[in-house]
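Thanks for making the time this morning. I would like to walk through one model with you, going from a helix to some strands and then to an enclosed space.

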Amino acid sequence: MQNKTSPIPFMKMHGLGNDFVVIDARSGPRVDSALAIAMADRHRGIGFDQLAEVTDSPDGDLHLTFWNSDGSTSAACGNATRCIAAWDMANRGTDSLVITTDRGTLQARSAGDGLTSVNMGPPLLEWADVPLASAMDTLSLPIDGTPTATGMGNPHCTFFVDDIATIDLAGRGSAMEHHPLFPERTNVQFAQVIAPDHLRMRVWERGAGVTLASGSSSCATAVAAARRGLTGRNVRIDLDGGTLHIDWRDDGVWMTGPTAHVFDGAWHV
(Lines give C-alpha, C1' and ligand atoms only; values in the text may rest on other atoms or scores of the structure.)
Protein backbone atom coordinates (compact mmCIF):
# COMPACT_ATOMS: atom_id res chain seq x y z
CA MET A 1 0.00 0.00 0.00
CA GLN A 2 1.16 3.53 -0.73
CA ASN A 3 1.59 6.34 1.78
CA LYS A 4 -0.76 9.33 1.92
CA THR A 5 1.52 11.46 -0.23
CA SER A 6 1.29 9.05 -3.18
CA PRO A 7 -2.18 9.09 -4.74
CA ILE A 8 -2.75 6.29 -7.24
CA PRO A 9 -4.32 7.35 -10.58
CA PHE A 10 -7.11 5.07 -11.81
CA MET A 11 -9.81 4.86 -14.46
CA LYS A 12 -13.38 3.63 -13.95
CA MET A 13 -14.79 1.69 -16.91
CA HIS A 14 -17.65 -0.71 -17.57
CA GLY A 15 -18.83 -3.13 -20.22
CA LEU A 16 -22.63 -3.48 -20.06
CA GLY A 17 -22.59 -2.46 -16.38
CA ASN A 18 -19.88 -5.01 -15.52
CA ASP A 19 -17.63 -2.40 -13.89
CA PHE A 20 -13.89 -2.12 -13.42
CA VAL A 21 -11.18 -0.04 -11.89
CA VAL A 22 -8.13 0.13 -14.17
CA ILE A 23 -4.68 1.01 -12.84
CA ASP A 24 -1.89 1.72 -15.32
CA ALA A 25 1.07 0.32 -13.38
CA ARG A 26 3.45 1.11 -16.24
CA SER A 27 3.76 4.57 -14.72
CA GLY A 28 2.68 3.95 -11.12
CA PRO A 29 2.59 1.49 -8.22
CA ARG A 30 1.72 -2.18 -8.53
CA VAL A 31 -1.51 -3.65 -7.16
CA ASP A 32 -1.70 -6.10 -4.25
CA SER A 33 -4.61 -7.95 -2.63
CA ALA A 34 -5.06 -5.38 0.16
CA LEU A 35 -5.30 -2.51 -2.31
CA ALA A 36 -7.81 -4.40 -4.47
CA ILE A 37 -10.05 -5.15 -1.47
CA ALA A 38 -9.94 -1.54 -0.25
CA MET A 39 -10.75 -0.07 -3.65
CA ALA A 40 -13.54 -2.62 -4.23
CA ASP A 41 -15.59 -1.45 -1.22
CA ARG A 42 -18.62 0.30 -2.75
CA HIS A 43 -19.24 2.31 0.44
CA ARG A 44 -15.73 3.26 1.58
CA GLY A 45 -13.83 2.83 -1.67
CA ILE A 46 -14.62 3.08 -5.38
CA GLY A 47 -16.42 -0.18 -6.04
CA PHE A 48 -15.92 -2.62 -8.90
CA ASP A 49 -16.59 -6.16 -10.06
CA GLN A 50 -12.93 -6.53 -11.11
CA LEU A 51 -9.75 -4.48 -11.03
CA ALA A 52 -7.43 -4.62 -14.06
CA GLU A 53 -3.74 -3.80 -13.74
CA VAL A 54 -1.89 -2.72 -16.90
CA THR A 55 1.83 -3.50 -17.16
CA ASP A 56 4.38 -3.77 -19.96
CA SER A 57 4.53 -6.97 -21.98
CA PRO A 58 7.62 -8.33 -23.76
CA ASP A 59 5.39 -10.28 -26.13
CA GLY A 60 2.54 -7.83 -26.78
CA ASP A 61 1.42 -4.22 -26.58
CA LEU A 62 0.48 -4.55 -22.90
CA HIS A 63 -0.14 -7.13 -20.16
CA LEU A 64 -3.28 -7.35 -18.00
CA THR A 65 -3.62 -8.82 -14.51
CA PHE A 66 -7.12 -9.14 -13.05
CA TRP A 67 -8.20 -8.88 -9.40
CA ASN A 68 -11.64 -9.81 -8.06
CA SER A 69 -13.38 -7.68 -5.47
CA ASP A 70 -12.46 -10.19 -2.74
CA GLY A 71 -8.74 -9.72 -3.45
CA SER A 72 -8.28 -12.96 -5.40
CA THR A 73 -6.91 -12.98 -8.94
CA SER A 74 -8.33 -14.29 -12.20
CA ALA A 75 -6.53 -15.14 -15.44
CA ALA A 76 -9.33 -13.79 -17.61
CA CYS A 77 -11.85 -10.96 -17.64
CA GLY A 78 -13.45 -10.41 -21.02
CA ASN A 79 -15.30 -7.13 -20.55
CA ALA A 80 -12.32 -5.47 -18.86
CA THR A 81 -10.10 -6.65 -21.71
CA ARG A 82 -12.43 -5.06 -24.26
CA CYS A 83 -12.65 -1.80 -22.31
CA ILE A 84 -8.89 -1.46 -21.95
CA ALA A 85 -8.33 -2.47 -25.56
CA ALA A 86 -10.69 0.29 -26.75
CA TRP A 87 -8.93 2.86 -24.55
CA ASP A 88 -5.41 1.82 -25.56
CA MET A 89 -6.23 1.58 -29.28
CA ALA A 90 -7.62 5.12 -29.13
CA ASN A 91 -4.44 6.33 -27.41
CA ARG A 92 -2.22 4.61 -29.98
CA GLY A 93 -4.35 5.59 -32.98
CA THR A 94 -4.61 1.97 -34.12
CA ASP A 95 -7.47 -0.45 -34.72
CA SER A 96 -5.78 -3.61 -33.40
CA LEU A 97 -3.84 -4.65 -30.34
CA VAL A 98 -1.98 -7.64 -28.89
CA ILE A 99 -2.71 -8.19 -25.18
CA THR A 100 -1.02 -10.75 -22.96
CA THR A 101 -2.72 -12.18 -19.87
CA ASP A 102 -2.23 -15.17 -17.60
CA ARG A 103 -4.80 -16.81 -19.88
CA GLY A 104 -2.52 -16.30 -22.90
CA THR A 105 -2.08 -13.87 -25.78
CA LEU A 106 -5.30 -12.20 -26.95
CA GLN A 107 -6.02 -10.29 -30.14
CA ALA A 108 -8.21 -7.18 -29.94
CA ARG A 109 -9.61 -5.00 -32.70
CA SER A 110 -12.08 -2.22 -33.32
CA ALA A 111 -15.37 -3.52 -34.72
CA GLY A 112 -16.75 -0.08 -35.67
CA ASP A 113 -19.84 1.71 -34.38
CA GLY A 114 -18.33 1.99 -30.88
CA LEU A 115 -17.85 -1.78 -30.57
CA THR A 116 -14.68 -3.67 -29.65
CA SER A 117 -13.86 -7.32 -30.34
CA VAL A 118 -11.46 -9.57 -28.43
CA ASN A 119 -10.47 -13.12 -29.23
CA MET A 120 -10.61 -14.81 -25.81
CA GLY A 121 -8.78 -17.88 -27.10
CA PRO A 122 -9.91 -21.48 -27.54
CA PRO A 123 -12.18 -22.87 -24.83
CA LEU A 124 -10.76 -25.46 -22.43
CA LEU A 125 -12.98 -28.53 -22.58
CA GLU A 126 -11.02 -31.23 -20.72
CA TRP A 127 -11.78 -31.72 -17.02
CA ALA A 128 -8.20 -31.08 -15.89
CA ASP A 129 -8.01 -27.81 -17.80
CA VAL A 130 -11.24 -26.26 -16.43
CA PRO A 131 -10.17 -27.44 -13.79
CA LEU A 132 -12.43 -29.99 -12.11
CA ALA A 133 -11.59 -32.08 -9.06
CA SER A 134 -11.60 -35.42 -10.91
CA ALA A 135 -12.01 -36.97 -14.35
CA MET A 136 -15.50 -36.60 -15.83
CA ASP A 137 -17.41 -35.50 -18.92
CA THR A 138 -17.46 -31.70 -18.87
CA LEU A 139 -20.57 -31.60 -21.08
CA SER A 140 -22.89 -32.93 -18.35
CA LEU A 141 -21.64 -32.68 -14.79
CA PRO A 142 -23.02 -35.03 -12.09
CA ILE A 143 -24.83 -32.14 -10.40
CA ASP A 144 -28.58 -31.53 -10.20
CA GLY A 145 -29.43 -29.71 -13.44
CA THR A 146 -26.50 -31.37 -15.34
CA PRO A 147 -24.58 -28.15 -16.03
CA THR A 148 -21.68 -27.89 -18.47
CA ALA A 149 -18.14 -26.98 -17.37
CA THR A 150 -15.93 -24.79 -19.56
CA GLY A 151 -12.55 -23.17 -19.04
CA MET A 152 -11.88 -19.73 -20.49
CA GLY A 153 -8.74 -19.11 -18.44
CA ASN A 154 -11.13 -19.18 -15.48
CA PRO A 155 -13.65 -21.94 -14.61
CA HIS A 156 -17.32 -21.77 -15.61
CA CYS A 157 -20.41 -23.82 -14.77
CA THR A 158 -23.40 -23.24 -17.08
CA PHE A 159 -26.98 -24.33 -16.34
CA PHE A 160 -29.60 -24.27 -19.12
CA VAL A 161 -33.07 -23.51 -17.76
CA ASP A 162 -36.59 -23.14 -19.14
CA ASP A 163 -37.37 -19.85 -17.40
CA ILE A 164 -34.49 -17.70 -16.21
CA ALA A 165 -36.87 -15.37 -14.34
CA THR A 166 -37.54 -18.07 -11.74
CA ILE A 167 -33.89 -18.65 -10.81
CA ASP A 168 -32.56 -17.65 -7.39
CA LEU A 169 -29.31 -16.32 -8.85
CA ALA A 170 -27.69 -15.24 -5.60
CA GLY A 171 -28.62 -18.38 -3.68
CA ARG A 172 -27.74 -20.94 -6.33
CA GLY A 173 -24.76 -18.99 -7.66
CA SER A 174 -23.16 -18.64 -4.25
CA ALA A 175 -23.61 -22.33 -3.49
CA MET A 176 -22.23 -23.46 -6.85
CA GLU A 177 -19.20 -21.16 -6.70
CA HIS A 178 -17.88 -23.28 -3.83
CA HIS A 179 -18.98 -26.71 -5.11
CA PRO A 180 -16.31 -29.37 -4.37
CA LEU A 181 -16.10 -30.31 -8.06
CA PHE A 182 -14.41 -26.92 -8.65
CA PRO A 183 -11.15 -26.74 -6.66
CA GLU A 184 -10.54 -23.13 -7.79
CA ARG A 185 -14.21 -22.16 -7.32
CA THR A 186 -16.26 -21.27 -10.41
CA ASN A 187 -18.25 -18.63 -12.22
CA VAL A 188 -21.89 -19.71 -12.54
CA GLN A 189 -24.26 -18.96 -15.42
CA PHE A 190 -27.96 -19.62 -15.93
CA ALA A 191 -29.02 -19.44 -19.58
CA GLN A 192 -32.32 -19.72 -21.43
CA VAL A 193 -32.44 -20.51 -25.14
CA ILE A 194 -34.53 -17.92 -26.99
CA ALA A 195 -33.64 -19.04 -30.54
CA PRO A 196 -30.88 -21.06 -32.24
CA ASP A 197 -28.77 -17.88 -32.34
CA HIS A 198 -30.05 -16.12 -29.22
CA LEU A 199 -29.57 -16.73 -25.48
CA ARG A 200 -30.66 -14.90 -22.33
CA MET A 201 -28.14 -15.27 -19.50
CA ARG A 202 -27.56 -14.19 -15.90
CA VAL A 203 -24.29 -14.63 -14.06
CA TRP A 204 -22.76 -15.08 -10.63
CA GLU A 205 -19.03 -14.26 -10.79
CA ARG A 206 -16.44 -16.03 -8.68
CA GLY A 207 -15.09 -13.60 -6.11
CA ALA A 208 -17.57 -10.84 -7.04
CA GLY A 209 -21.17 -12.14 -6.85
CA VAL A 210 -24.07 -11.10 -9.08
CA THR A 211 -22.89 -8.91 -11.96
CA LEU A 212 -24.80 -7.19 -14.75
CA ALA A 213 -22.61 -8.85 -17.38
CA SER A 214 -19.53 -11.03 -17.82
CA GLY A 215 -17.51 -11.45 -20.97
CA SER A 216 -15.77 -14.72 -20.13
CA SER A 217 -19.09 -16.13 -18.83
CA SER A 218 -20.74 -15.18 -22.12
CA CYS A 219 -18.01 -16.98 -24.05
CA ALA A 220 -18.33 -20.07 -21.85
CA THR A 221 -22.12 -20.11 -22.18
CA ALA A 222 -21.98 -19.80 -25.98
CA VAL A 223 -19.50 -22.68 -26.14
CA ALA A 224 -21.63 -24.82 -23.81
CA ALA A 225 -24.80 -24.13 -25.81
CA ALA A 226 -23.10 -25.06 -29.09
CA ARG A 227 -21.59 -28.23 -27.62
CA ARG A 228 -25.02 -29.32 -26.41
CA GLY A 229 -26.61 -28.64 -29.79
CA LEU A 230 -28.87 -25.90 -28.43
CA THR A 231 -27.48 -23.15 -30.66
CA GLY A 232 -25.00 -22.56 -33.43
CA ARG A 233 -21.53 -21.17 -32.73
CA ASN A 234 -22.44 -17.53 -33.46
CA VAL A 235 -24.94 -16.17 -30.94
CA ARG A 236 -26.36 -13.05 -29.37
CA ILE A 237 -26.40 -13.12 -25.57
CA ASP A 238 -28.67 -10.75 -23.65
CA LEU A 239 -27.42 -10.08 -20.12
CA ASP A 240 -28.90 -7.90 -17.38
CA GLY A 241 -26.66 -5.03 -18.54
CA GLY A 242 -26.98 -5.37 -22.32
CA THR A 243 -25.99 -7.53 -25.28
CA LEU A 244 -22.77 -9.23 -26.36
CA HIS A 245 -22.16 -11.14 -29.57
CA ILE A 246 -20.10 -14.32 -29.31
CA ASP A 247 -18.60 -16.17 -32.28
CA TRP A 248 -16.78 -19.45 -31.59
CA ARG A 249 -14.39 -19.74 -34.52
CA ASP A 250 -11.51 -22.06 -35.34
CA ASP A 251 -9.00 -19.56 -33.90
CA GLY A 252 -10.88 -18.95 -30.63
CA VAL A 253 -13.97 -17.39 -29.10
CA TRP A 254 -14.52 -13.83 -30.35
CA MET A 255 -16.53 -11.48 -28.16
CA THR A 256 -17.92 -8.17 -29.44
CA GLY A 257 -19.71 -5.41 -27.54
CA PRO A 258 -19.70 -1.79 -26.37
CA THR A 259 -17.35 -0.24 -23.81
CA ALA A 260 -17.53 2.81 -21.55
CA HIS A 261 -14.79 4.93 -19.94
CA VAL A 262 -16.73 6.58 -17.11
CA PHE A 263 -14.23 8.78 -15.25
CA ASP A 264 -10.64 9.19 -14.07
CA GLY A 265 -9.63 9.69 -10.45
CA ALA A 266 -6.92 9.32 -7.84
CA TRP A 267 -6.94 6.97 -4.86
CA HIS A 268 -5.62 8.44 -1.62
CA VAL A 269 -4.63 5.87 1.00
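Before I list anything, let me fix one term: a residue is called buried when its relative accessible area, taken with a 1.4 Å probe on the protein chains only, is under 20%. Please also keep in mind that this is a predicted model.

With that cut-off, the buried residues of helix α2 are Gly-78, Asn-79, Ala-80, Thr-81, Arg-82, Cys-83, Ile-84, Ala-85, Trp-87, Asp-88 and Met-89, so that 11 of the 15 residues in α2 are buried and the helix is mostly covered. As for its geometry, α2 covers residues 78-92 and, because each residue should contribute 1.5 Å, a span of 21 Å is expected, in agreement with the 21 Å between its end C-alpha atoms. Just after α2 comes Gly-93, with a positive phi of about 70 degrees.

Turning to the strands, β2, residues 18-24, is mostly covered as well, with six of its seven residues buried. On one side of the pairing list, β2 runs antiparallel to β1, residues 8-15, through five bridges, with Met-11 opposite Val-22, and in the hairpin of these two strands Leu-16 takes a positive phi near 60 degrees. With β3, residues 50-55, β2 runs parallel, again through five bridges, and here Asp-24 stands opposite Val-54. Together with helix α1, residues 33-40, β2 and β3 form a right-handed β-α-β unit.

Finally, how much space lies in the largest cavity? About 60 Å³, with a lining of two nonpolar, six polar and two charged residues, among them Gln-50, Cys-77 and Arg-206.

Notes. Residues numbered from 1 in each chain as written. Predicted model: local features only at pLDDT ≥ 70, side-chain atom pairs only at ≥ 80, totals over all residues. Heavy atoms only, no water. 1 Å grid on protein atoms, 1.4 Å probe; cavity = no way out; pocket = protein on both sides within 12 Å on 5 of 7 lines; lining within 4 Å. Points joined across faces, edges and corners; volume = space filled by probe spheres on them. Nonpolar A, V, L, I, M, F, W, Y, C, P; charged D, E, K, R; others polar. Helix = DSSP H or I, 4+ residues; strand = E, 2+ residues; numbered from the N terminus. Expected span 1.5 Å × (residues − 1). Buried < 20%, exposed > 50% of the residue type's maximum accessible area, 1.4 Å probe, protein only. Pairing = 2+ DSSP bridges. Right-handed = clockwise from strand over helix to strand, strands pointing away.
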